[in-house]
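The following exercises ask the reader to derive structural relations from atomic coordinates. Each task is followed by a solution in steps.

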Amino acid sequence: AAALEDLRPGLSGWDARRPAPVTLVTGAMGDKDVAGIAGSLAASPALAGARVVCTSVPESRAMPAPDLAAAWRSVAPGLDVTVRSEPRAALEAALADGEGPVVVAGSLYLVGAVRPLLVDDPEIADPDDPAVAPVVRPWAT
């Protein structure tokens, strides 16, 4: 939550008079304090009016996306919470529907799954696997 506050002015869409809402793509391991994590993040002013897209990574410890969404809804009933079971679909939904910045957080496993979709780096992306082809290449437009 503190990191979101620190980063918010540097995120795209920032306007101190009327900041665009953040879209948070999040996933978590089921053996973590998910309600505590969601509650702490939801309390951040940076997430006021946010959209939360809950997803899950293919890891045995991962919390299923619908369960994560239920945890978010219980601690932050005013936020728009949706479910996309696959990280790629969650990222695409966040990028397609959001006006403001997209933040991916909650689990390093999720960050690891999403990073090759955002960063065209041959060291982390398999060029023969279309499932990990970059979603966005902002530097190419």
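**Preliminaries**

Glu92 is partly exposed, with a relative accessible area of 35%; buried means under 20% relative accessible area, exposed over 50%, and partly exposed in between (1.4 Å probe, protein chains only). The model is predicted, so local features need pLDDT of at least 70 and side-chain atom pairs count only at pLDDT 80 or more, while totals for chains, interfaces and linings use all residues. Residues are numbered from 1 along each chain as its sequence is written, and side-chain values use heavy atoms, with hydrogens and water left out.

**Exercise 1. Determine which residue forms a salt bridge with Glu92, and where the two residues lie.**

Step 1. The criterion is a side-chain nitrogen of Lys or Arg within 4 Å of a carboxyl oxygen of Asp or Glu. Glu92 meets it with Arg88, their closest N and O atoms being 3.1 Å apart.

Step 2. Both residues belong to helix α4, four residues apart, or about one turn of the helix. Helices (H or I, at least four residues) and strands (E, at least two) are DSSP runs, numbered from the N terminus.

Step 3. An α-helix has 3.6 residues a turn, so residues three or four places apart point the same way.

Step 4. Arg88 has 24% relative accessibility and therefore counts as partly exposed.

**Exercise 2. Find how many salt bridges the whole structure holds, and describe those that link separate elements.**

Step 1. The search of the whole structure returns three salt bridges.

Step 2. In one of them, Asp31 pairs with Arg61, with 2.9 Å between the closest N and O atoms. Asp31 is in the loop between β1 and α2 and Arg61 in the loop between β2 and α3, so this pair links distant parts of the chain, 30 residues apart. With 30% relative accessibility, Arg61 is partly exposed.

Step 3. The side chains of Arg51 and Asp80 form another salt bridge, at 3.9 Å from N to O. Because Arg51 lies in strand β2 and Asp80 in strand β3, this pair ties together parts that are 29 residues apart in sequence.

Step 4. Arg51 is buried at 16% relative accessibility, whereas Asp80 is partly exposed with a relative accessible area of 40%.

**Exercise 3. Establish the order of the strands in the sheet and the sense of their pairing.**

Step 1. Two strands pair if DSSP finds at least two bridges between them. By this rule, four strands make an open sheet in the order β3-β2-β1-β4, with parallel pairing.

Step 2. β3 (80-83) and β4 (102-105) are the edge strands, each pairing on one side only. From one strand to the next, the twist averages 20°.

Step 3. β2 (residues 51-54) is joined to β3 by four bridges, and the pairing of β1 with β2 also has four bridges. Val53 has Thr82 as its bridge partner in β3, and Val25 has Val53 as its bridge partner in β2.

Step 4. In a regular strand the side chains alternate between the two faces of the sheet. Both faces of β2 are covered: Arg51 and Val53 are buried on one side, as are Val52 and Cys54 on the other.

**Exercise 4. Identify which strands helices α3 and α4 contact, and which residues of α3 are buried.**

Step 1. Contact means heavy atoms within 4.5 Å. Axes are lines fitted to C-alpha atoms, for helices over the stretch in contact, and angles run from 0 to 180 degrees between N-to-C directions.

Step 2. Helix α3 (residues 65-75) packs on the sheet, touching β1 (23-26), β2 and β3, and its direction makes about 170° with that of β3. Helix α4 (residues 87-97) lies across β1, β2 and β4, at about 160° to β2.

Step 3. The buried residues of α3 are Ala65, Leu68, Ala69, Ala71 and Trp72. Seen down the helix axis, they fall within an arc of 160°, so they line one face of α3; the arc is that of the directions from the helix axis to the C-beta atoms.

Step 4. These buried residues pack against β1, α2 (34-42), β2 and β3.

**Exercise 5. Locate Thr55 and decide whether Thr55 is buried or exposed.**

Step 1. Thr55 lies in the loop between β2 and α3. Its relative accessible area is 0%, so Thr55 is buried.

Step 2. Among the residues that Thr55 touches, not counting residues up to four places away in sequence, are Val25, Leu68 and Ala90.
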